[in-house]
Amino acid sequence: MLKGIAASQGIAVAKVYKLEAPVLEIVQKEANPEEELKKLDEAFQKTVSDIEKIKETASKTLAPEELAVFDAHLMMANDPELRSQIEDMINNDKVNAEYATEQVANMMISIFEGMEDAYMRERAADIKDVTFRLKCNLCGKEIPNLATIDTPVIIVAKDLTPSDTGSLNKEFAKGFATEIGGRTSHSAIMARSLEIPAVVGVTGILDEAKEGDSVILDALNGEVILNPTEDQVKEYTAKAEEFLKEKEALKALKDKESISKDGHKVLLVGNIGSPQDVEGVLANGGEGVGLFRTEFLYMKSEDDFPDEETQYEAYKAVLEGMEGKPVVIRTLDIGGDKKLKYYTFDEEMNPFLGVRAIRFCLMRKDIFRTQLRALLRASAYGKLCIMFPMIATLQEFRDAKAIYDEERANLINEGVKVGENVEVGCMIEIPAAAVLADVLSKEADFFSIGTNDLIQYSMAADRMSQPVSYLYQPLNPAILRLVKMTIDGAHKNGKWCGMCGEMAGDEQAVPLLLGLGLDEFSMSATSILKARQIISELSYEDMQKIAEEALQKETAEEVESLL
Ligand code: PEP
Ligand code: MG
């Protein structure tokens, strides 16, 4: 059995189809520029028409925004800059077209791979994809076309390019396993949109798997079993059916309320990082957005803090996209491990304990005011809740809220329309704030517990440090007591309490959080339906008793066995 990363959930049993890219042996040759330019022109034409055909096939299975990658490829294949660089080299150095293409491609790929921005780095994969096709066309080699597969298979490859995934026909391509890649690689993202099982990062699979071998792809556990026994085939075929049945059953919950067996209602909402993520939240039955991490807007920006207009457009897009459902937007949480290209933070011994989040915003009120104005202007377009990250004291909340009140008054004076019912709350992610929740809730409209940081700060264990990662213990009674204190603190003053840290979507923790009285659970979109199903099968009253019991336990292990 080989291990990898489960990138798109599901189980499949089929035969191996090995996708191996043609091997090109490109060497430098002296050549007649006129002939080479003609060859190059034909190869470019074929490349464009190949990509158009792939896009056509892909348009049957992929959503419009996923087809955008092919538009980017077409743009590259039609890019006069790429072409003229190759032509120049052919003319100046009198070399063969394949060689010139390879040289220019390698140079462009290494420029993009060296860029700091993760998005730009990923574009290197697109350049590789397009220029490889161009080189194959120049060398007269065919790239295997996955669209022609007509029996059920599991594709085994080093990696899948966007053109490969775009050509997949779901009827026959039952899943794929790749040697490289992570959860956020191109192929992984595509597999999730196509809803076919995928395991990526399976070291050694290309050597071990032979064309036509039977194979089990367990993309729930990230495992690949080559040449399984008959019993294993039976076992996994049954598991695959079970998984599909459950998935269908979950889909039926998409437009349902999140309600326990005995009628206790909660809100299941999504965490997002950009306006584009709204679609996924809605598609998975999200009843709102519980955390929009706005720092991505700032991190994406190239040379300065994003201006009011850019931010306004992004916030408005999310509020409009959510069609009146509640949207919790967090003000800038920068510092710690999150850096900006255009701003240098002062060196600190412990950046996680230093100028981060609201502390930074209260020191740089100009930046804070710009964001608050953008948020307030957008608030006219939906149900907005604003929250401040990393609040440690009541004074910090008051200071932030006072700036918010000033900007609101300013906008109203300027005659700008702002929402009537904007709520202003705070994240509870520092133990001091959890302990003082009943005080904070006199002035804050709501809380959202950020367990990722709350656990880090309670355990004094850096969330980025592997050796102390054993201290990430959401079920430790110490954490549960802080969570309870926060929820009770909110309720004491008639306020609601949500949670947007990873714990909120943890299947084991959901029943306990329900019992502790959490009102809103914010998680990655794909966890929402499962959480709704879990809650629908539980009695709130029973979970209250379990939560009481859990609070009396002494260790995380004891709580786990109770659950
Ligand atoms: C948290 O700390 O739990 C949280 C949701 O914020 P982030 O992970 O962005 O720090
Ligand atoms: Mg946090």
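A polar contact is a pair of N or O atoms within 3.5 Å. In this predicted model, one such pair links E429 to ligand 1: a polar side-chain atom of the residue lies 3.0 Å from an oxygen atom of the ligand.

## Ligand 1 and its surroundings

Two arginines approach ligand 1 in a comparable manner. An N or O atom in the side chain of R293 is 2.8 Å from an oxygen atom of the ligand, and for R463 the corresponding distance is 2.8 Å. The protein buries 99% of the 290 Å² that ligand 1 exposes when taken alone.

The shell around ligand 1 comprises 15 residues, and the closest are R293, R330, G450, N452 and R463. Sorted by class, eight of the shell residues are charged, four are polar and three are nonpolar. Strand β11 (289-293) and helix α18 (451-459) each contribute at least two residues to this shell. The largest share, three residues, is that of α18.

## The magnesium site

Which protein residues donate to the magnesium ion, ligand 2? The donors are E429, through OE, and D453, through OD, at 2.0 to 2.2 Å from the ion. E429 belongs to the loop between β14 (423-428) and α16 (431-435), whereas D453 is part of helix α18, so the pair ties together parts that are 24 residues apart in sequence. E429 thus appears in two settings, as a donor to magnesium and as a polar partner of ligand 1.

Are these two donors buried or exposed? E429 has a relative accessibility of 2% and counts as buried. D453 is buried as well, with a relative accessible area of 3%. Both assignments follow because buried means under 20% relative accessible area.

## R356, a contact of D453

R356 is placed in the loop between β12 (326-330) and α13 (357-363). Its relative accessibility is 1%, and R356 therefore counts as buried. Apart from neighbours within four places in sequence, R356 is in contact with D333, I334, G335, G336, K338, P351, M390, D453, Q456 and Y457. Among these contacts is D453, one of the magnesium donors.

## Helix α4 and the residue T161

Helix α4 covers residues 97-113 and includes T101. With 0% relative accessibility, T101 counts as buried. Not counting residues up to four places away in sequence, T101 touches L40, I86, L134, K135 and L138.

Q103 is also found in helix α4. Q103 is partly exposed, at a relative accessible area of 30%.

T161 is located in the loop between β4 (153-157) and α6 (162-167). At 27% relative accessibility, T161 counts as partly exposed. The side chains of T161 and D129 are joined by a polar contact of 3.5 Å.

Q103 and T161 each belong to a pair of residues for which both the sequence separation and the C-alpha to C-alpha distance are listed here.

| Pair | Separation in sequence | C-alpha to C-alpha distance |
|---|---|---|
| Q103 and Q85 | 18 residues | 9.8 Å |
| T161 and S185 | 24 residues | 10.0 Å |

Terms used:
Residues numbered from 1 in each chain as written. Chains lettered and ligands numbered in written order. Predicted model: local features only at pLDDT ≥ 70, side-chain atom pairs only at ≥ 80, totals over all residues. Heavy atoms only, no water. Near = heavy atom within 4 Å. Polar contact = N/O pair within 3.5 Å; in protein donor to acceptor, adjacent residues only side chain to side chain. Areas by Shrake-Rupley, 256 points an atom, 1.4 Å probe, with all protein chains shown as cover. Helix = DSSP H or I, 4+ residues; strand = E, 2+ residues; numbered from the N terminus. Nonpolar A, V, L, I, M, F, W, Y, C, P; charged D, E, K, R; others polar. Donors = N, O, S within 2.8 Å, 3.2 Å for Na, K, Ca; no water. Buried < 20%, exposed > 50% of the residue type's maximum accessible area, 1.4 Å probe, protein only. Contact = heavy atoms within 4.5 Å.
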